[in-house]
Amino acid sequence: MKFVRHVPLLVAGAVALMAAAPSFRQGTTYHVTKTIPLGIDGGWDYLTVDPDAKRLYISRGGANLVQVVDLGTNAQIGTIDSTRGVHGIALAPEFNRGFTSNGGDSTVTIFDLKTMKQVGKVTVTGRNPDAILYDPFSKRVFTFNHTGKNTTAIDAATGKVLGTAKTEGVLETGVSDLAGTIYVNDEDENRVFAFDAKSLEVKATWALEGCKAPTGLAIDRKGKRLFAACNSSKTITVVDYTNGKTVVQVPICAGTDAAAWDADQKLVFASCSDGNIAVVHQDAPDKYTVQGMAKTEDRARTMTIDEKSHKLYTVTAQYNPPPAPPAGAPAGRGGRATMVSGSFHVLVLEK
């Protein structure tokens, strides 16, 4: 097995500005160990793993459903339906409830975790809910409304809509510090909102210095750091969430749409559509070493982590080449690439 050259980034209390991102050879201790074919055509977005029930939930917005995979048998065991344009899945095991954010009709579908059957449906207070989060501290579910430019709070026990946080941005991923504060990326303005999980008051808005188009967001609660995966700038921007200061930028792959944190291994991950997952070690809260790029496949831009097994899960499919443009048409005006029917699959990565 090949290992890449380590690239240490040493910064304390200031932003590390990089003239050019270093090049990487493929190779890290993380690698694909299994492929799970699932079929069903159409697009996808977020994935969520339940490490105790050993289930993987995959949003399939193009098919208006969520696929549920048993990670013991590596087989699909059901679907969550009535999820038009679904983006994400949040789990509240203490209430035996799951929740999906349905961007197509601005609703949340509530389902029974054991039976996978729908038990309720509510309309959010914004439009196009994208990411969704269950916060055990407040016992609330939050939808981060991508085009509605706000956040909806829902009581996880009753399914009742409780109110709206005025996070006025193009919202992507949110995380909780499990102590009463929720953080969410604003992709349009390159910033993070911090708001109170109970009062829903926005407490702070922090610029993500050097970050362009933040998508994924992960949190290190012990080190009090946020990890914003920045699509356009090809970086992970690390923020001290005690004061909102950007402390370091770490170079990653291209086309990122998800971030994850493994507290036991002190590893930050960012998945990218260019067929890589960046693997970054936290040497100290403000010091990081890029271990390398774990090879996946093109378009595998989202992922999730099983914090118990330390396995990563990502999904993708094969695509047919786009058709050539008609004679006389401007360059680049050809048709779109289409998915090879039945090629959708899960990639499992581990050491």
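Colleague: A pocket is an open set of points on a 1 Å grid over the protein atoms alone where a 1.4 Å probe fits, with protein on both sides within 12 Å along at least five of seven lines, and its lining residues have an atom within 4 Å of a point. Points join across faces, edges and corners, and a volume is the space filled by probe spheres set on them. With that settled, how much space lies in the second largest pocket?

Modeller: Happy to help! This is a predicted model, with local features needing pLDDT of at least 70 and side-chain atom pairs 80 or more, while totals for chains, interfaces and linings use all residues. Residues are numbered from 1 along each chain as its sequence is written, and side-chain values use heavy atoms, without hydrogens and water. The lining of the second largest pocket includes Lys-34, Asp-306 and Tyr-313, and the space there is about 160 Å³.

Colleague: And how much space lies in the largest pocket?

Modeller: The lining of the largest pocket takes in 49 residues, with Leu-133, Arg-221, Thr-304, Ile-305 and Glu-307 nearest its centre. Strands here are DSSP runs of E, at least two residues, numbered from the N terminus. Among those giving at least two lining residues each are strand 7 (86–92), strand 11 (129–135) and strand 27 (303–305). The space in the largest pocket comes to about 1500 Å³.

Colleague: Let's follow strand 7. Which residue in strand 8 is the bridge partner of Val-86?

Modeller: Two strands pair if DSSP finds at least two bridges between them. Strand 7 and strand 8 run antiparallel and are joined by six bridges. They make a hairpin with four residues between them, and Asn-96 in the turn has a positive phi of about 55 degrees. For Val-86, the partner in strand 8 is Asn-102.

Colleague: How many residues of strand 8 are buried?

Modeller: Buried means under 20% relative accessible area, taken with a 1.4 Å probe on protein chains only. Strand 8 spans residues 97–102 and is mostly covered. Of its six residues, the number buried is five.

Colleague: Which residue in strand 9 is the bridge partner of Ser-101?

Modeller: Strand 8 pairs with strand 9 (residues 107–112) in the antiparallel sense, over six bridges. This is a hairpin with four residues in between, where Ser-106 in the turn has a positive phi of about 55 degrees. The partner of Ser-101 in strand 9 is Val-108.

Colleague: Which are the edge strands of the open sheet with the order 11-12-13-14?

Modeller: That sheet has four strands with antiparallel pairing. Strand 13 (residues 150–155) meets strand 14 over four bridges, and Thr-151 has Ala-165 as its bridge partner. Each edge strand pairs on one side only, and these are strand 11 and strand 14.

Conventions:
Buried means under 20% relative accessible area, exposed over 50%, partly exposed in between (1.4 Å probe, protein chains only).
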